[in-house]
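These are my notes from a session spent looking through one model. I went from local strand pairings to the whole chain and wrote entries as I went.

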Amino acid sequence: MPLAEWQVERGIGETRAILVDNDQIMRTRHHWDGELIAGSVVEAMLISKPSGAARGTARLGDGTDLLVDRLDKDAREGAMLNLTIMRSAISEKSRMKLAHARPSTDAVRTLSLTDSLAQTPCPIREVRRFSVPGWSDLVSDSLSQSIDFNGGSLLIAPTAAMLVVDIDGTLPPRELALAAVPAIAATLRQMDIGGMVGIDFPTLPSKADRRLVDMALERALDDWPHERTAMNGFGFVQLVSRLERPSLFHRAAISRSGVVVRNLLRQAEHITEPGAIMLTVHPAISAQLKTTWVEELARRSGRQVRIETRPSLALEGSFAQSVPL
C-alpha cells in the first residue's frame with residue numbers, strides 16, 4: 001500500500017500542502033506569505049510588561065507586535081529577547097489576535113511550511129501541482145461554510161470564541177447524528193481546524209443514544225489529539241485541540257477576498273491552453289491583486305496577464321481563462 005505523503009505547492013501569495021493517502025486528501029496545511037509559523041524563533045524587543053507579571057508584549061523589527069507569556073519576573077521593558085512562536089496571528093472581525101510567543105534559548109530561525117511539516121512522520125514532496133483533485137473543492141466548501149454528507153449537511157460558523165458546527169438533515173435524530181460523525185472527523189482534518197470547536201448534534205433524549213454517538217466520535221477522532229466533553233442533554237459536544245494557525249474556514253470568514261484571489265491565481269497558473277491569461281474579477285478581487293503577484297504569474301506562465309473587472313460578477317465568480325494574444 002502506498003505510503004501517505006505530504007505534497008507541497010508553492011503558490012503565489014501562499015504555500016499549500018495536502019497529506020495524500022490512497023489518492024485521498026486526508027489533511028491540509030496552508031501558509032499565507034508574511035505570516036509567522038509556529039516553531040519559528042524571532043528576536044523582538046519587550047515593549048510592555050506589568051510589574052511582576054509573566055505576560056507582556058514584544059515588537060519585531062518590522063513593527064509587528066507579539067503576545068508573550070512565561071516571562072521571567074525580572075524581565076524589563078526594552079530588553080531584546082529570542083521568542084518561539086507558539087501560534088500565528090489570527091484576525092477576527094473586530095480585532096487581531098496577536099501571534100503568541102514564549103521566551104527561547106534557541107537561535108533565530110524562520111520556518112517555512114515545509115520545515116514545519118518535517119516534524120510529522122510522513123515524507124514530503126514539493127510538486128508543481130497536486131497529484132489528486134480536491135483543493136479547490138475544499139476552498140469552495142470553506143467559502144460556503146457548508147459540508148454535505150449522505151443524509152444531511154454540516155453548517156460551519158467561525159466565531160471569536162469557537163468554531164461552531166451545526167448539523168442539519170432529514171434523517172431521524174440518532175441516525176443523523178451518527179451519519180454526521182465521519183463528516184465531522186474528515187472536516188476537522190481536511191480544513192486544518194484547531195482550538196475550540198462546538199458541535200450541535202440533534203437533541204437525543206436517550207442517554208444510550210448519546211453514549212452511542214460519543215463512542216462513534218471517539219473512534220473517528222482517535223488519532224486527532226484533543227480533549228472532548230460528553231454530549232449533554234441538548235446534543236452539544238465541545239472539542240479542544242491545540243491552535244497554531246487559522247483554519248480554511250477561519251480564513252474564508254475573515255478574508256473572503258483573500259481566499260478567492262489566491263485560489264484564482266492557482267487556477268490561472270495551471271492553465272495549459274495557449275494564449276494570454278485573462279483574469280475576469282469582481283472589483284474587490286481586483287483590489288487584492290498585488291502587482292507583484294501579477295508579475296509572478298506572468299513569470300511562471302511565460303505569458304501576458306490581462307485583468308478585466310466586472311462589478312456585476314459575484315466575488316466567488318472571478319475566473320481565469322486563456323485568450324488570444
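In what sense do strand E4 and strand E5 pair, and over how many bridges? I looked this up in what is a predicted model. E4 covers residues 41–48 and E5 covers residues 56–59; the two strands are antiparallel and share 3 bridges. For one position in this pairing I noted that Ser48 lies opposite Thr57 of E5.

**Entry: E5 and E6.** I then followed E5 to its other listed partner. E5 also pairs with strand E6, residues 65–68, in the antiparallel sense, and here I found 4 bridges. Gly56 has Val68 in E6 as its bridge partner. E5 and E6 make a hairpin with 5 residues between the strands. I checked the backbone there and found that Gly63 has a positive phi near 95°.

**Entry: strand E1.** Next I went to the start of the chain. Is E1 largely enclosed or left open by the rest of the structure? Strand E1 spans residues 5–10, and 5 of its 6 residues are buried, so the rest of the structure largely encloses it. I listed its pairings in turn. With strand E2, residues 14–21, E1 runs antiparallel, and 6 bridges join the two. Glu9 has Arg16 of E2 as its bridge partner. E1 and E2 form a hairpin with 3 residues between them, and Gly13 in the turn shows a positive phi of about 90°. With strand E11, residues 124–126, E1 pairs in the parallel sense over 3 bridges. Val8 is matched there with Glu126 in E11 as its bridge partner.

**Entry: Glu14.** I picked one acidic residue for a closer look. Glu14 sits in strand E2. Is Glu14 buried or exposed? Its relative accessibility is 6%, and the limit for buried is under 20%, so Glu14 counts as buried. I then listed its contacts, leaving aside neighbours within four places in sequence: Glu9, His31, Trp32, Asp33 and Arg262. Glu9 had already come up as the bridge partner of Arg16.

**Entry: strand E17.** I looked at which way the side chains point along E17, residues 236–241, and they alternate. Val237, Leu239 and Ser241 point to one face and are buried. Phe236, Gln238 and Val240 point to the other face and are not buried. I noted two antiparallel pairings for E17. Strand E15, residues 195–200, is joined to E17 by 6 bridges, with Gly195 opposite Ser241. Strand E16, residues 227–228, is joined to E17 by 2 bridges, with Arg228 opposite Leu239.

**Entry: whole protein.** I closed with the totals. I counted 8 helices and 20 strands in the secondary structure. The radius of gyration is 22 Å, close to the 20 Å from the globule rule for 325 residues, so the protein is as compact as a globular protein of that length. Along the principal axes, the C-alpha atoms fill a box of roughly 65 × 60 × 45 Å. I found that 47% of the 325 residues count as buried. Of the contacts between residues at least 6 apart in sequence, 66% join residues at least 24 apart. The exposed area is about 16100 Å², and carbon and sulfur atoms supply 51% of it. Last, I compared the charges: the mean positions of the 38 positive and 39 negative ones lie 2 Å apart.

Terms used. Residues are numbered from 1 along each chain as its sequence is written. This is a predicted model: local features need pLDDT of at least 70, side-chain atom pairs count only at pLDDT 80 or more; totals for chains, interfaces and linings use all residues. Side-chain values use heavy atoms; hydrogens and water are left out. The radius of gyration is taken over C-alpha atoms; the globule rule is 2.2 Å times the number of residues to the power 0.38. Buried means under 20% relative accessible area, exposed over 50%, partly exposed in between (1.4 Å probe, protein chains only). Contact means heavy atoms within 4.5 Å. Accessible areas come from the Shrake-Rupley method with a 1.4 Å probe; for residues, only the protein chains shown count as cover. Lys and Arg count as positive and Asp and Glu as negative; His and the chain ends are not counted. The place of a charge is taken as NZ of Lys, CZ of Arg, CG of Asp or CD of Glu. Two strands pair if DSSP finds at least two bridges between them.
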